[in-house]
Every structure is written in structure tokens, then in C-alpha cells.
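Could you look over the notes below alongside the model and mark anything that reads differently to you? They are set out as numbered points for ease of reply.

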Amino acid sequence: MMAIWQPEEGETLLYRSRVSFATGEAMRVRGMRWFRDTERRDIQGDLEGWPDGPSYEVRTLRAALGRQAPRVALMTLGVAVMVVLSAAGGNVSGGSGGGQDKPDDRAEEVEDYPVMRAAPETVARSLPWQLDPGRSNLKRYKTHLVVTDRRMLILGLPYKEKNRASIKDEVLWEAPRNVVDRVEPKDFKTGWDVKIHFRDGSWVRWTVADRLRLLRYLDVSRALVAADSLSPVQRRRVEEFVAGQPDGAGPPIITRSTCGCLQVSVCSPTAVDGFFGSRTSDFLMNAQGDEQKTPHPDDYEE
């Protein structure tokens, strides 16, 4: 165990927040997940160093409908309450992280729910078991994903809700950042999932916090913008922003949206919350160097 993990000299922390293997949401696979090889065979017993975990079976349609019945009744009641609230002028808006009810892949999100597809000796098989909610107590232990300009890491840390600032990190896994081929947002239900495709053909499905930020920094097609490439006005604006940050906030991280706006962020390697991860701060700047108070749609692109 160490205290708070720190990047090496000259290395820039881009992202740190909680991560775990995803969990099925459709009724036939709710609360379940599977680890598969390329032939769709279960491999959780073959993952090196992993303790035994729960075994699942996809529910039959009848069983799934039976579990759904009480929920449907509650939803019907909820709709009636919403109608009353709306008639009374109450605020009934809500959100679930940008999720959608329609699956991207019915075979792998409704009828099955693999969160790993990996041949032997691939990157996905090297990931730590602590990422699995079926093997790790998420109320007492968290796993954080760290992305820097050089590498990605999985950190494990004991977690106490009443003392989230007490951090004792343990490096569970690390790999060069370029092992990632692409990152795919998965929107079914929660809108918090990503599928990480590695260059060796293996992949994993994770639930992450602050998905938009992760997609921005782990997308290998999107290069960071060097501060010395900015115009004098833009550079001065970035310097003013950094000067207003607390000590140890980290160097500026600059990316460019397709509309031309610059997203300028800092990610603190020292101010860490056990639940949320690193403290971050950012602002949006247009091509003229002025703060863009109303973001363009491209500034939210995933």
C-alpha cells in the first residue's frame, strides 16, 4: 500500500475516477455478467490469480417476466403520481446519465451479458479481479482507473464513506496507453458504460464515472494540444486559468473540439476523493481566446 498514487516526473495525469466491470440491466441478465473467450466459452475459472466468483444463468423469459411484474406495478403507480405532479406544476424532470432503453446489441445486452471477450495471453485477461463486483465488496473497496499521457492503471483502495479523503492506493495493474485501440460508449440503460477495445483484439465492458472525460482522454485519435502551439491570447488565458487553481492542481490539459473550441482542464494528482476520484476543473475557450460560456454540441461529443 502507498498513500495517494502520483504520476512520474514529466507525466501528466489526465483522468482518475472509479471503474468496475459492468452489470446486466435487462431483466434476463439483471445483476449478472460473464467472462468469455472468442468462442463464447466461460473463462472466469481460467483467469490467473482470480478467486472463485458467482456463477450465473440467463433467466428464462417466464422467470424474467415474473421478476418484472412487481416493477411494472410500481412503474404504473409512478406514472400516476407523475401525472398528478405535472398537473400541479411540479418538477418531474430527471436523467440517468444519458442512457437509452433500446439495446445496441440485443444478443450481448439482453440475451447474454459478456463483460470480457479475450483469447489467451491477451490484455483483457491480465486485468485484476478486484474490478469484478461479484468478487469485491464495493462498499468497502473501490477500484479507480487512471489515465495519463503515457499509460493507464487500475488502483485499488480501501473505502470508508465517512472518511473518503483517506486514500491508501495499491497499483493492481498497468499498461501503456497505446494498448487501447478504441473506446466505444455503450448507452443501454444507464449510459455509464464503455467498451474498451485493445489492439490485440480482446475487449472489456466497464462502468465508469465521468464517461465523457474518459472518452476524451483515452480516444487514441484525439491528440492533446500543446500549450506552445496556442496563439498568444489563448496562451495567456490558459496561464490565467492555471494561476487561479489550488497548489498541486496539475498542468493544463488541452483538447480541441471539432467546432474549434479548446477544452482546458486540470486534474489534481493530490486532491483525491475515494468515491469520485481526482478533483478536476476546466473551462471552454473559443478560437479567439474568449471563454465559451455556451458550449456547442460538438463540445459534448463522445
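The points below go from the overall model to a central strand, a buried serine, a helix and the salt bridges.

1. Basis of the note. This is a predicted model, in which local features need pLDDT of at least 70 and side-chain atom pairs count only at pLDDT 80 or more, while totals for chains, interfaces and linings use all residues. Residues are numbered from 1 along each chain as its sequence is written, and side-chain values use heavy atoms, with hydrogens and water left out.

2. Confidence. The mean pLDDT (the predictor's confidence in each residue, from 0 to 100) of the chain is 88, and 86% of the residues reach 70 or more. Over residues 79-96, however, pLDDT stays under 50, and for this stretch the model has 8 contacts (heavy atoms within 4.5 Å) beyond four places in sequence.

3. Overall make-up. The chain comes to 4 helices and 12 strands, these being DSSP runs numbered from the N terminus, with helices of H or I and at least four residues, and strands of E and at least two. Of its 302 residues, 44% count as buried, where buried means under 20% relative accessible area, exposed over 50%, and partly exposed in between, with a 1.4 Å probe and protein chains only. The accessible surface, by the Shrake-Rupley method with a 1.4 Å probe and, for residues, only the protein chains shown as cover, comes to about 15,700 Å², of which 51% belongs to carbon and sulfur atoms. Among contacts with a separation of 6 or more, 64% are between residues 24 or more positions apart.

4. Strand β9 and its partners. Strand β9 (residues 203-208) has 5 of its 6 residues buried, so it is largely enclosed by the rest of the structure. Two strands are said to pair if DSSP finds at least two bridges between them, and β9 pairs in the antiparallel sense with β1 (residues 13-21) over 3 bridges, with β3 (residues 114-117) over 2 bridges and with β8 (residues 193-198) over 5 bridges. To locate these pairings in the model, one can take Ser20, whose bridge partner in β9 is Thr207, then Arg117, which stands opposite Trp203, and Ile196, which stands opposite Val204. The hairpin of β8 and β9 has 4 residues between the strands, and in this hairpin Gly201 takes a positive phi near 95 degrees.

5. Ser17. What does the side chain of Ser17 reach? Ser17 lies in strand β1 and counts as buried at 4% relative accessibility, and its side chain reaches the backbone oxygen of Phe276 at 2.6 Å. Leaving aside residues up to four places away in sequence, Ser17 touches Thr143, His144, Leu145, Ala209, Phe276 and Gly277.

6. Helix α3. Helix α3 (residues 211-218) is mostly covered, with 7 of its 8 residues buried; among the buried residues are Arg211, Arg213 and Arg216, together with Leu214, Leu215 and Tyr217. Arg213, at 8% relative accessibility, forms a salt bridge (a side-chain nitrogen of Lys or Arg within 4 Å of a carboxyl oxygen of Asp or Glu) with Asp210, the closest N and O atoms being 2.9 Å apart. Asp210, in contrast to this buried partner, counts as partly exposed at 38% relative accessibility.

7. Salt bridges between distant parts of the chain. The count of salt bridges comes to 29. The side chains of Asp132 and Arg33 meet in one of them, at 3.2 Å from N to O, and this pair links the loop between β3 and β4 (141-148), where Asp132 lies, to the loop between β1 and β2 (34-36), where Arg33 lies, 99 residues apart. Asp132 is buried with a relative accessible area of 2%, and Arg33 is likewise buried with 5%. The side chains of Glu291 and Arg237 also meet in a salt bridge, at 3.5 Å from N to O; here Glu291 is in the segment after β12 (277-285) and Arg237 in helix α4 (residues 232-243), 54 residues apart. Glu291 counts as partly exposed at 39% relative accessibility, and Arg237 is partly exposed with a relative accessible area of 21%.

8. A network. Salt bridges also link Arg36, Arg40, Glu108, Asp112, Arg117 and Lys195 in a network. Of these residues, Arg117 was met above as the residue opposite Trp203 in β9.

Conventions:
A polar contact is a pair of N or O atoms within 3.5 Å; within protein, one must be able to donate a hydrogen and the other to accept it, and residues adjacent in sequence count only if both atoms are side-chain atoms.
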